[in-house]
Amino acid sequence: MTCRLDPVAPAPPRSAAPLPGPLAWIGEAFDAVRRAGLERPHRVRGGRQGREVVLDGRRLVNFGSNDYLGYCGDVRLTKAASKAACAEGFGAGASPLVSGQSQAHERLEAAIAALLDVPAAIAFPSGFAANAATIPALVGPGDLVASDERNHASLIDGCRLARAEVAIYPHRDVAALDRVLASAGKARRKLVVTDTLFSMDGTLAPLADLADVAARHGAMLMVDEAHATGVFGARGSGLVEAAGCAAGVHVRVGTLSKALGAAGGFVAGHAELIRWLRHAARAWIFSTAHPPAVAAAACRAIELVGAEPDRRTALLATAASFRDRLAAAGLDVAACGGQIVPVVVGDAARAVAVAGSLATEGFFVPAIRPPSVPAGGSLVRTSVCWHHTADDLARLAALLVRHVRN
Ligand SMILES: *Cc1c(COP(=O)(O)O)cnc(C)c1O
């Protein structure tokens with residue numbers, strides 16, 4: 001079941017017509033972005049995700065995707081999606097609240113709950129939507145959210161939407177979090193939110209300590225496992241499972257779009273928490289559900305995570321030896337704890353130049369610049385995946401050492 005698409009014709013040149021007066025500010029704002037060296041490339045991908053990727057017509061070894069287990073291009077997901085599309089049609093038609101939830105979504109939510117070993121789960125159109133909707137469903141004016149300074153943009157936006165007081169604590173600093181919570185005596189409710197595997201610096205949250213501190217202050221603990229779902233833990237449910245602290249984590253968010261190779265986000269936990277989200281999470285109530293085909297593909301991926309634990313163990317072992325290799329050559333990757341291995345370059349222009357040199361040598365490793373990372377902390381981010389070969393990793397390590405160290 002391999003289908004090919006006709007190549008997309010190159011986009012026609014942009015119109016040089018001036019912006020209408022009320023939009024003229026956009027031209028000036030964009031010039032400032034360009035002067036700061038922060039213009040983002042718009043690339044077009046040919047074909048599917050996998051060990052290699054075709055970007056703007058160039059075939060590169062793909063270290064720039066979150067396809068950690070190699071399921072994005074897996075025909076078993078495509079088949080599950082086709083079968084569901086045949087059975088239930090393509091579009092979902094409306095929000096699940098209005099038009100009813102599809103069979104595929106019902107099965108998916110049960111599969112997520114079983115994977116995480118919790119009573120219930122709710123599927124959202126994306127991980128971003130899950131975070132942006134869940135925080136405002138848990139806290140509001142008069143409440144306090146404590147948020148790690150390196151949290152993902154979707155958690156940051158969720159905090160903003162909640163209109164609660166937001167206290168940003170230093171990265172992974174449990175003592176600072178303790179002080180924040182101790183001085184929040186008047187708050188009606190307290191919520192601690194954190195990524196588990198941080199997407200930009202590759203570090204792990206100190207989950208057991210966070211759970212202790214949250215418990216001591218009677219705070220809710222919400223964690224975002226977007227990069228850990230499918231990768232960590234004996235069942236593959238994430239870092240909460242790996243750290244053995246499920247009892248201390250109240251709200252577990254994950255995504256179906258990274259290691260699971262499909263699309264969508266989820267929240268899992270107590271059945272009454274999930275019922276509450278079906279009444280209060282606006283991105284679930286007011287957004288059309290995914291096509292049932294997407295839910296069926298995600299469900300198939302969860303089965304594969306259960307059936308193929310060798311993929312995640314091999315991935316984590318490969319990532320650890322890649323980190324060791326870089327560290328032995330003097331690159332600073334000591335803080336990373338998983339398959340995301342960023343190499344800090346510093347200056348934004350230099351990160352782009354390093355990524356460009358790596359592309360010339362056949363590797364796609366994206367440059368990450370502000371605002372995704374703090375100013376001066378630009379980096380090239382290597383995402384190790386199950387399908388990378390020992391030779392891919394050896395060659396990339398040698399290139400990183402050559403281009404970053406001098
Ligand atoms: C990617 C990501 C999300 C968003 O998930 P999507 O399913 O891609 O919308 C949320 N949180 C973190 C930490 C992420 O890295």
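1. The ligand site is the natural place to begin. The ligand is surrounded by 15 residues, and the closest of these are Asp-224, His-227, Thr-255, Ser-257 and Lys-258. The structure under review is a predicted model, and the remarks below should be read accordingly. By class, the shell around the ligand comprises 10 polar, 3 charged and 2 nonpolar residues.

2. Three polar contacts to the ligand deserve mention. Thr-255 places a polar side-chain atom 2.6 Å from an oxygen atom of the ligand. Ser-257 likewise has a polar side-chain atom 2.6 Å from a ligand oxygen. At Phe-128 the partner is a polar backbone atom, which lies 3.0 Å from an oxygen atom of the ligand. On its own the ligand has 380 Å² of accessible area, of which the protein covers 85%.

3. Which helix gives the largest share of the shell around the ligand? That share, 3 residues, comes from helix α5, residues 127-138. The helix has 12 residues, and the distance from its first C-alpha to its last is 17 Å, close to the 16 Å expected at 1.5 Å a residue. At the N-terminal end of α5, Ser-126 acts as a cap, with a side-chain oxygen 3.3 Å from the backbone nitrogen of Phe-128. Phe-128 is also the residue whose polar backbone atom lies 3.0 Å from a ligand oxygen.

4. The surroundings of α5 merit a separate point. Of its 12 residues, 10 are buried, so the helix is largely enclosed by the rest of the structure. The buried residues include Gly-127, Ala-129, Ala-130, Asn-131 and Ala-132 in the earlier part of the list, and Ala-133, Thr-134, Ile-135, Ala-137 and Leu-138 are buried as well. An α-helix has 3.6 residues a turn, so residues three or four places apart point the same way.

5. Helix α1, residues 24-35, can be checked for regular length. Its 12 residues should span 16 Å at 1.5 Å a residue, and its end C-alpha atoms are 17 Å apart, in agreement with that expectation. Just after α1, Gly-37 adopts a positive phi of about 75°.

6. The cysteines call for a comment on disulfides, which require two sulfur atoms within 2.5 Å. The count by this rule is 0 disulfides. Why is Cys-159 without a bond to Cys-245? The sulfur of Cys-245 is the closest cysteine sulfur to that of Cys-159, yet the two are 20 Å apart, too far for a bond. Cys-299 is also in no disulfide, and its nearest cysteine sulfur, that of Cys-72, is 17 Å away. Cys-159 is buried, with a relative accessible area of 4%, and Cys-299 is buried at 13%.

7. Two residues other than glycine have positive phi values. Asp-117 has phi near 60° and is found in the loop between α4 (103-116) and β4 (120-124). Its relative accessible area of 58% makes Asp-117 exposed. Arg-172 also has phi near 60°, and its place is the loop between β6 (165-169) and α7 (174-182). Arg-172 is partly exposed, with a relative accessible area of 33%.

8. A cis peptide bond should be noted when the backbone is inspected. The bond from Pro-370 to Pro-371 is cis, with omega near 10°. Pro-371 belongs to the loop between β13 (367-368) and β14 (378-383).

9. Three further loop positions complete the note. Asp-56, in the loop between β2 (52-55) and β3 (58-62), counts as partly exposed at 49% relative accessibility. Asp-56 and Arg-45 are 11 residues apart in sequence, and their C-alpha atoms are 6.2 Å apart in space. Is Ala-247 buried or exposed? Ala-247 is exposed, with a relative accessible area of 82%, and lies in the loop between α9 (239-243) and β9 (251-255). Its C-alpha atom is separated by 30 Å from that of Cys-385, 138 residues apart along the chain. Gly-362 lies in the loop between α14 (348-360) and β12 (363-364) and is buried, with a relative accessible area of 19%. The C-alpha atoms of Gly-362 and Arg-34 are separated by 27 Å, and the two residues are 328 residues apart along the chain.

Note on methods: Residues are numbered from 1 along each chain as its sequence is written. This is a predicted model: local features need pLDDT of at least 70, side-chain atom pairs count only at pLDDT 80 or more; totals for chains, interfaces and linings use all residues. Side-chain values use heavy atoms; hydrogens and water are left out. Buried means under 20% relative accessible area, exposed over 50%, partly exposed in between (1.4 Å probe, protein chains only). Helices (H or I, at least four residues) and strands (E, at least two) are DSSP runs, numbered from the N terminus. The expected span of a helix is 1.5 Å times one less than its number of residues. A residue is near a molecule or strand if one of its heavy atoms lies within 4 Å of it. A polar contact is a pair of N or O atoms within 3.5 Å; within protein, one must be able to donate a hydrogen and the other to accept it, and residues adjacent in sequence count only if both atoms are side-chain atoms. Accessible areas come from the Shrake-Rupley method with a 1.4 Å probe; for residues, only the protein chains shown count as cover. Ala, Val, Leu, Ile, Met, Phe, Trp, Tyr, Cys and Pro count as nonpolar, Asp, Glu, Lys and Arg as charged, and the others, Gly among them, as polar.
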